Amino acid sequence: MAEAENFRKRAAREKEEALKYAATHFARDMLPVCDNLRRALDAVAQEDKESLSDNIKALIQGIEMTEKGLLDAFKRHGIEKITPRIGDKFTADYHQAMFEVETQDYEPGAITQLLQPGYRQHERLLRPAMVGVAKAKKND
C-alpha cells in the first residue's frame, strides 16, 4: 500500500515538473532571437533617434514592441533574464567567466563587463550570463 502511494506521489511530481519545464528547449532556441532584438535596438544610439525618418522610428518602435512581447511570453513561462551589474560578485551558478581583467578598480572576482545576459526558467539555468571578471593586478 505504501509503495503504491509513493509511486503515485512520484508520478504526480514528475508530471508537474514535466509541465513546468515543457518549454525549456523552445526557450533555449528563442534566446538568440531575444539577443538579436536587443542588439538591433542598441545599434541605434538614443541621440540618433531624433534625426531618423518616421518610417525608421516606426520600425524601431516595432522592434521594441516585439522584444517586450517576447520577454512577456518568457515571464509567463517562468523565464527570467539574469543581468548582473558591474561590480557584482561572480557566481558560477549564474555566470560564465569569458575572460579575466587585471584591475585595481574592482575586488578580485567582481564582474567588470557584461557580454551577454543569462536566463533561467524557475530554478533551472537556461544559459549563464557571460561576463568579464576582475583579478588582482600583479605588482611588477
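In the predicted model, Leu125 is partly exposed, with a relative accessibility of 30%. The residue belongs to strand S5, which covers residues 124-127. Apart from neighbours within four places in sequence, Leu125 is in contact with Arg28, Ile82, Asp93, Tyr94, Tyr119 and Arg120. His95 lies 30 residues from Leu125 along the chain, and the two C-alpha atoms are separated by 9.9 Å.

His95 itself is located in strand S2, which comprises residues 95-102. In contrast to the partly exposed Leu125, His95 is buried, because its relative accessibility of 10% falls under the 20% limit used for that class. When residues up to four places away in sequence are not counted, His95 touches Pro84, Lys89, Phe90, Ile111, Pro128, Ala129 and Val131. Of these contacts, Ala129 and Val131 fall within the residue range of strand S6, 129-135.

Met130 is also found in strand S6. Its relative accessible area is 21%, and Met130 is therefore classed as partly exposed, the limit for a buried residue being under 20%. Outside the four nearest places in sequence, Met130 is in contact with Gln96, Met98, Gln113, Leu114, Leu115 and Gln116. Gln96 and Met98 are at positions within strand S2. The C-alpha atoms of Met130 and Ala97 are 6.1 Å apart, although 33 residues separate the two in sequence.

The structure contains 1 aromatic pair. The pair is formed by Phe74 and Tyr119 in an edge-to-face arrangement, with 5.9 Å from centre to centre and 80° between the planes. Distant parts of the chain are linked by this pair: Phe74 is in helix H3 (residues 54-76) and Tyr119 is in strand S4 (residues 118-121), 45 residues apart. Phe74 is buried, with a relative accessibility of 5%. Tyr119 is likewise buried, its relative accessible area being 1%. Tyr119 is also one of the residues in contact with Leu125.

The loop between S4 and strand S5 contains His122. Phi of His122 is near 55°, a positive value in a residue other than glycine. Most residues other than glycine have a negative phi. With a relative accessible area of 27%, His122 is partly exposed.

At the level of the whole chain, the secondary structure consists of 3 helices and 6 strands. Their order along the sequence is α-α-α-β-β-β-β-β-β. The protein is more spread out than a compact globule, because its radius of gyration is 21 Å, well over the 14 Å given by the globule rule for 140 residues. The C-alpha trace spans about 70 × 55 × 15 Å along its principal axes.

Buried residues account for 26% of the 140 residues of the protein. Among contacts between residues at least 6 apart in sequence, 65% join residues at least 24 apart. About 10000 Å² is exposed by the protein, and 52% of this area is supplied by carbon and sulfur atoms. The side chains include 23 positive and 24 negative ones, with the centres of the two sets 5 Å apart.

Note on methods. Residues numbered from 1 in each chain as written. Heavy atoms only, no water. Helix = DSSP H or I, 4+ residues; strand = E, 2+ residues; numbered from the N terminus. Rg over C-alpha atoms; globule rule 2.2 N^0.38 Å. Buried < 20%, exposed > 50% of the residue type's maximum accessible area, 1.4 Å probe, protein only. Contact = heavy atoms within 4.5 Å. Areas by Shrake-Rupley, 256 points an atom, 1.4 Å probe, with all protein chains shown as cover. Lys, Arg positive; Asp, Glu negative; His and termini not counted. Charge placed at Lys NZ, Arg CZ, Asp CG, Glu CD. Phe/Tyr/Trp six-rings, centres within 6.5 Å; stacked < 30°, edge-to-face > 60°.
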